[in-house]
Amino acid sequence: MMVYVLICLCLSLAGVAGLQFFYMAYIERLNYEQKKRIAALERRVRSLGERANERERLLADNSKLIETRFDDIEVADEEVWADVIEER
């Protein structure tokens, strides 16, 4: 009788060990997939950062261009508005 109890105990422990083994394999696979996903996201963030810097540079260039080309026109517009206000 004691032999059967020991056999059942050994099979139960082997089952638990097998379950833990497959769970660890599953966790390792999840870890691998997450590392791949993080690497892809880091590449995407780097790419978007470069694009944002490029857009900021273009925006600054365009702002400088607008300021240099249209400073005289803005002054003229202010003078026209002053005339309109005075007419009322």
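**View 1. One aromatic pair turns up in this predicted model.** The partners are Phe21 and Phe22, and their rings meet edge-to-face. Centre to centre they sit 5.4 Å apart, with 75 degrees between the planes. Neither ring partner is tucked away: Phe21 and Phe22 are both exposed.

**View 2. Cys8 and Cys10 stay unbonded.** How many disulfides does a search of the whole structure find? The count is zero. Take Cys8 to begin with: its closest cysteine sulfur belongs to Cys10, and at 9.4 Å that's too far for a bond. Looking back from Cys10, the closest cysteine sulfur is the one in Cys8, again at 9.4 Å and too far for a bond. A disulfide needs the two sulfur atoms within 2.5 Å, so this pair doesn't make the cut.

**View 3. The surroundings of Cys8 and Cys10, by accessibility.** Are these two cysteines buried or exposed? Cys8 has a relative accessible area of 48%, so it is partly exposed. Cys10 comes in at 52% relative accessibility and therefore counts as exposed; the cut-off for that label is over 50%.

**View 4. A nonpolar patch on the surface, with Leu11 as one of its members.** Joining Leu11 here are Met1, Val3, Tyr4 and Ile7. Together the patch residues offer about 620 Å² of accessible area. Leu11 is part of helix H1, which covers residues 2–87. With a relative accessibility of 59%, Leu11 counts as exposed.

Definitions and conventions. Residues are numbered from 1 along each chain as its sequence is written. This is a predicted model: local features need pLDDT of at least 70, side-chain atom pairs count only at pLDDT 80 or more; totals for chains, interfaces and linings use all residues. Side-chain values use heavy atoms; hydrogens and water are left out. Buried means under 20% relative accessible area, exposed over 50%, partly exposed in between (1.4 Å probe, protein chains only). Rings of Phe, Tyr and Trp (its six-membered ring) pair if their centres lie within 6.5 Å; planes under 30 degrees apart count as stacked, over 60 as edge-to-face and the rest as tilted. Patches are made of residues with over 30% relative accessible area and no salt bridge: like charges are joined within 9 Å, nonpolar side chains (Val, Leu, Ile, Met, Phe, Trp, Tyr) within 5 Å. Accessible areas come from the Shrake-Rupley method with a 1.4 Å probe; for residues, only the protein chains shown count as cover. A salt bridge is a side-chain nitrogen of Lys or Arg within 4 Å of a carboxyl oxygen of Asp or Glu. Helices (H or I, at least four residues) and strands (E, at least two) are DSSP runs, numbered from the N terminus.
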